[in-house]
Amino acid sequence: MEFVLKHAAFAHLREVGPLPCTLNPHEAESLALVGAMIDQVLELHPGAQRLHVGCDEVYYLGEGEASRRWLQQEQNSTGKLCLSHMQAVASHVRARRPGVTPLVWDDMLRELPEDQLAASGVPQLVEPVLWDYTADLDVHGKVLLMQKYQRCGFLRLWAASAFKGATGPSQALPPVEHHLRNHAQWLQVAGSGPTDALQGIILTGWQRYDHFSVLCELLPAGVPSLAACLQLLLRGGFDEDVKAKMENLLGISSLEITDPVREGAGSFPGRSILALVTQVSLHLRSSVDMLLEGNRYVTGWFSPYHRQRKLIHPVMVQHIQPAALSLLAQWSTLVQELEAALQLAFYPDAVEEWLQENVHPSLQRLQALLQDLSEAAAPQPPPTGPAGGAAQDP
């Protein structure tokens, strides 16, 4: 709800005034707002069979003034409040489009008592999606949770994994091995859980951790991970034969892409973005660090002390400037290619944000070094005496 509740026009619907992440469920206008959003989505998807209505991580539910008053009444609890809102939202979906099944994230249901879940009416309205994006997912714990949900009346369950995202809010390249292990664990859950309970798995691919965070892995950078995870699910495992077939299908030399050649680094849409993002992620910052912190001429003769005072031995300019200019030219050319490739796939604001977060800081460090070098190497005017004339030798 952050993308709505951040706006002043909807701020009065927040559960906690300063925080735009939780909706106040006591306001009739809140349900009307969610209902309008649902109607807009359904209108654009006339053939939809399912609609995921979210409802996860409602951390501040119960902390608003209206909720505090409501919770003072006997028999009321945060769990009951959550379930009543879920029921209202799901009922709106069912009433508006009887053939559409609402899905909900399961984390707000996990700790609720079985009798409360069973009596709420929610199991007859929604199908929970059990999410876990970790590589060491607790298989036995998930099976027990599925059994609990079934006892409460949730007969159809879903799983949710991740092929990108979930490993760091500013991650640029997905760690494929992590995501493969996550999917392998979910396969174990599917094989160990109640028969026919799990209807399928949703492979999530995050673009931000929340509405206010930076961009994580771009979709083109996640395509090989997505392909690998799909193959693992389809084939029940990911051995060397499956890996080789997938690499051949994508036209890449290795799934663990560490330094792809920019030309021909794959045969899928977005391959050039992946190749260039990989170059930037693996080498841009480290190459600038190497020059600024590992070059003996920079650290020895043009330290921060020297740069602040614009001091340098003239000979050292010849040792530092060509290397810095060469590095800046090399990266500037690649970044121009990357910007052109990104513009084919993303809106301008996303391109600007990604470059500003991942590219500009390193280039600005290089440019600042060259600027300081230029100023330090410039001829200094002779010192002047008290009357403005040339200073005299004693």
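Which residues lie nearest the centre of the second largest pocket? Select Ser170, Ala172, Ser281, Arg285 and Asn358 in this predicted model, and you have them: these are the ones nearest the centre, out of a lining of 14 residues.

Stay here for a moment and colour helix 10 (271-294) and helix 14 (348-358), since each supplies at least two residues of the lining of this second largest pocket. Helix 14 gives the largest share, 4 residues. By class, the lining divides into 6 nonpolar, 5 polar and 3 charged residues, and the space inside comes to about 350 Å³.

Next stop: the largest pocket, with about 1600 Å³ of space. Pick Met1, Gly54, Cys55, Asp56 and Trp105, which lie nearest its centre among 38 lining residues. Then show helix 4 (78-96), the source of the largest share of this lining, 5 residues. Other elements that each supply at least two residues include helix 2 (28-44), strand 2 (19-23) and strand 7. Coloured by class, the lining shows 25 nonpolar, 8 polar and 5 charged residues.

Now for the sheet. Select strands 3 to 7: they form an open sheet of 5 strands in the order 3-4-5-6-7, with parallel pairing. Strand 3 (50-52) and strand 7 (198-205) each have a single partner strand, so one side of each has no neighbour in the sheet. On average, neighbouring strands are turned by 30° against each other, direction ignored.

Zoom in on strand 5 (127-131) and strand 6 (157-164), paired over 3 bridges; Leu130 has Ala159 of strand 6 as its bridge partner. Finally, add helix 8 (219-235), which packs on the sheet and touches strand 6 and strand 7. The direction of helix 8 makes about 135° with that of strand 6.

Definitions and conventions:
Residues are numbered from 1 along each chain as its sequence is written. This is a predicted model: local features need pLDDT of at least 70, side-chain atom pairs count only at pLDDT 80 or more; totals for chains, interfaces and linings use all residues. Side-chain values use heavy atoms; hydrogens and water are left out. Two strands pair if DSSP finds at least two bridges between them. Axes are lines fitted to C-alpha atoms, for helices over the stretch in contact, and angles run from 0 to 180 degrees between N-to-C directions. Contact means heavy atoms within 4.5 Å. On a 1 Å grid over the protein atoms alone, a cavity is a set of points where a 1.4 Å probe fits but cannot get out, and a pocket is an open set with protein on both sides within 12 Å along at least five of seven lines; lining residues have an atom within 4 Å of a point. Grid points are joined across faces, edges and corners, and a volume is the space filled by probe spheres set on the points. Ala, Val, Leu, Ile, Met, Phe, Trp, Tyr, Cys and Pro count as nonpolar, Asp, Glu, Lys and Arg as charged, and the others, Gly among them, as polar.
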